[in-house]
Amino acid sequence: MEVHPFLWLYSVIQWVLDRLLSPTPPPPKATLGRPRIAVVGAGLTGVSSASHCVGHGFDVTIFEAGDEKSLGGIWSKVNNTSGLQIHSIMYRFHPSVKWAAGYPDKQQIVSQITQLWKKYGLQERTKFNTPVTSTKQDHYGRWIINDNPSFGSFDGILAAVGTCGDPKMPHMPNQEAFGGEIFHSSRLDGKTAAGKKVLIIGGGASAVEALEFVVHTDAASTSVLARSDKWIIPRNAFVDGLLALNIFGQETIFSWIPEALLKRLFYRDLEDLAPTSEGLFAETPMVNSDIFHQIRNHNAQWLRGDIVKFTEKGLLFRHRAKGVPKGGPGREIEVKGDMVIMATGYQRPSLSFLPDEVFQEPYQPPRWYLQVFPPSHMSVCCNNCTYVNAIGTVGNYHIGIYTRLLLMFLVDPLARPQEYWMKRWIDMTSYLKSHAPTGAFDFFTYSELLYWFVFCIAINPFRWKWAPFVFLGIGSALPREVVSGEDVIRNGLGMKKNHHE
């Protein structure tokens, strides 16, 4: 069978990354050391973070609210037709991941998560059907889960509950009068849109999921009814990577350049669909190259406006002109359809199991240190569950970097951030992004995130020895030996021992 040269090169690169950067899985039934980490959530982030911990010799327990079918998080719940919109080279959530395609589907993604879970022996360290409802510290500063000492005590908490929980299914006026079918965009397995007029309510990432279903099942026509215009960028790794290079993480005087190029080269005759009041670096864009193709072929239409109510044969829709804000005036039309797909997104999972003090203003999520560490508890890391909008990827090397930062903080007292300086970093970042239309932490790019990591290590000389470990996952033995020597010196001088808080 002929192998595409690019895929062959991609497989070689993945093999090299696996050999160089993947931590060694522990032997079966191995007794791992402290710090011991409680990982909340068995999705992509939770499994990846836990594998990094055990691969470096630290014990973990994963707490998952659902059963074993929930392994994989949101990817275990989406439609079988769903797939990755960004290129998989930007979705390497662990060095050992090996993608066989540029844009893998749900089954391939869940399979990679499951393989990683088994490779690092996490089956024996996962407690399914165990929702975490509370986390409290004992008098030693260690964490107790659900007030249940039988789980043991933990030195750190790594929350990995994500940003997508249960489907958000709002009830709309006169919905009962509609004579067709109504489904949420994540509940389309076993359904068909063949020959039907499909109405998609919503214009975000869930609309992409609905569009994938429509394309796969040969709908007669598709109407996307969006309340606001969103930037749509092509499904192209090079373009997506370039946009993520905006290290400022906000609109700048040069932002008009990529916006103009997108309008000229990607939108072309459909420039009317591009936002006018919101810049590209203000909200997570849609990544899709098919919607414009469908519109140009008259298989789909994109309508801007507000839902008034359901009718027997479709939806009464207030169609607004370009630039008119949500809820503004427009012409009411009836958009007819046989099937309505509610692309209304998901409820955000709660972090209420964390102590109350981590939510105190003005340092509440996402206004935390590096966006994931609450200043009042540096032993808590909320990986991939505090961001709001971004250009980049939620499934890449930052998962391991955040995890290893937490391990460094727990192991090395001199590398540990103090609450005062964590707050000053938040204040500094807020000042630097004070002109951002979304607020300092409501939008960032991947290059800005990498800048945060470099700054975190560079600002403290005692963290320099940890740089290879934090950034690449290698060389943990040497800095730990240095820390042991430092502990001997400190204890000999009568200084405090290695407490985590």
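Leu370 is buried, with a relative accessible area of 0%, where buried means under 20% relative accessible area, exposed over 50%, and partly exposed in between, for a 1.4 Å probe and protein chains only. Leu370 sits in the loop between E16 and E17, and its phi is near 55°, a positive value in a residue other than glycine. The model is predicted: local features need pLDDT of at least 70, side-chain atom pairs count only at pLDDT 80 or more, and totals for chains, interfaces and linings use all residues. Residues are numbered from 1 along each chain as its sequence is written, and side-chain values use heavy atoms, with hydrogens and water left out.

The loop that holds Leu370 runs between strand E16 (339-342) and strand E17 (380-382). Helices (H or I, at least four residues) and strands (E, at least two) are DSSP runs, numbered from the N terminus. Pro362 belongs to this loop, and a cis peptide bond with omega of about 5° joins Glu361 and Pro362. Pro366 is also found between E16 and E17; here the cis peptide bond joins Pro365 and Pro366, again with omega of about 5°. Elsewhere, Asn146 has a phi near 55°, a positive value in a residue other than glycine. Asn146 lies in the loop between strand E5 (143-145) and strand E6 (153-154).

The next topic is the nonpolar interior. A nonpolar core is a set of buried Ala, Val, Leu, Ile, Met, Phe, Trp, Tyr and Cys residues joined through side-chain atoms within 4.5 Å. The largest such core has 110 residues, and those with the most contacts inside it are Ile200, Phe373, Tyr402 and Leu405. Helix H8 gives the most to this core, with 10 residues. A second, separate core of 18 residues includes Val132, Ala159, Trp368 and Cys382. Returning to Ile200, and leaving aside residues up to four places away in sequence, this residue touches Ala207, Ala210, Leu211, Val214, Thr222, Ser223, Val224, Leu225, Ile341 and Ala343. Contact means heavy atoms within 4.5 Å.

H8 also takes part in a helix pair. Helix H2 (residues 44-55) and helix H8 (residues 398-411) pack at an angle of about 50°, with their axes 9 Å apart. Axes are lines fitted to C-alpha atoms, for helices over the stretch in contact, and angles run from 0 to 180 degrees between N-to-C directions. Angles under 35 degrees count as roughly parallel, over 145 as roughly antiparallel, 65 to 115 as roughly perpendicular and the rest as oblique; H2 and H8 are therefore oblique to each other. Their crossing is right-handed; a crossing is right-handed if the near helix is turned clockwise from the far one by less than a right angle, and left-handed if anticlockwise. On the H2 side the contact involves Leu44, Thr45, Ser48, Ser49, His52 and Cys53, which meet Ile399, Gly400, Thr403, Arg404 and Leu407 in H8. These residues divide into 4 nonpolar, 6 polar and 1 charged. Ala, Val, Leu, Ile, Met, Phe, Trp, Tyr, Cys and Pro count as nonpolar, Asp, Glu, Lys and Arg as charged, and the others, Gly among them, as polar.

H2 has another partner in H3: the two pack at an angle of about 30°, with axes 10 Å apart. That angle makes H2 roughly parallel to H3, and the crossing of H2 and H3 is left-handed. Leu44, Val47, Ser48 and Ser51 in H2 meet Ile113, Leu116 and Trp117 in H3. By class, this contact has 5 nonpolar, 2 polar and no charged residues.

The loop between strand E2 (58-63) and helix H3 (106-119) contains Ser70. At 15% relative accessibility, Ser70 counts as buried. With residues up to four places away in sequence not counted, Ser70 touches Ala42, Glu64 and Ser76. Ala101 lies in the loop between E2 and H3, but is partly exposed, with a relative accessible area of 23%. On the same basis of counting, Ala101 touches Leu7, Tyr10, Ser88 and Gln108. The C-alpha atoms of Ala101 and Asp427, 326 residues apart along the chain, are separated by 42 Å.

Gln14 is found in helix H1 (residues 5-21) and is buried, with a relative accessible area of 2%. Beyond residues up to four places away in sequence, Gln14 touches Arg92, Pro95, Val97, Lys98 and Trp99. The C-alpha atoms of Gln14 and Pro95 are separated by 7.7 Å, with their positions 81 residues apart along the chain.
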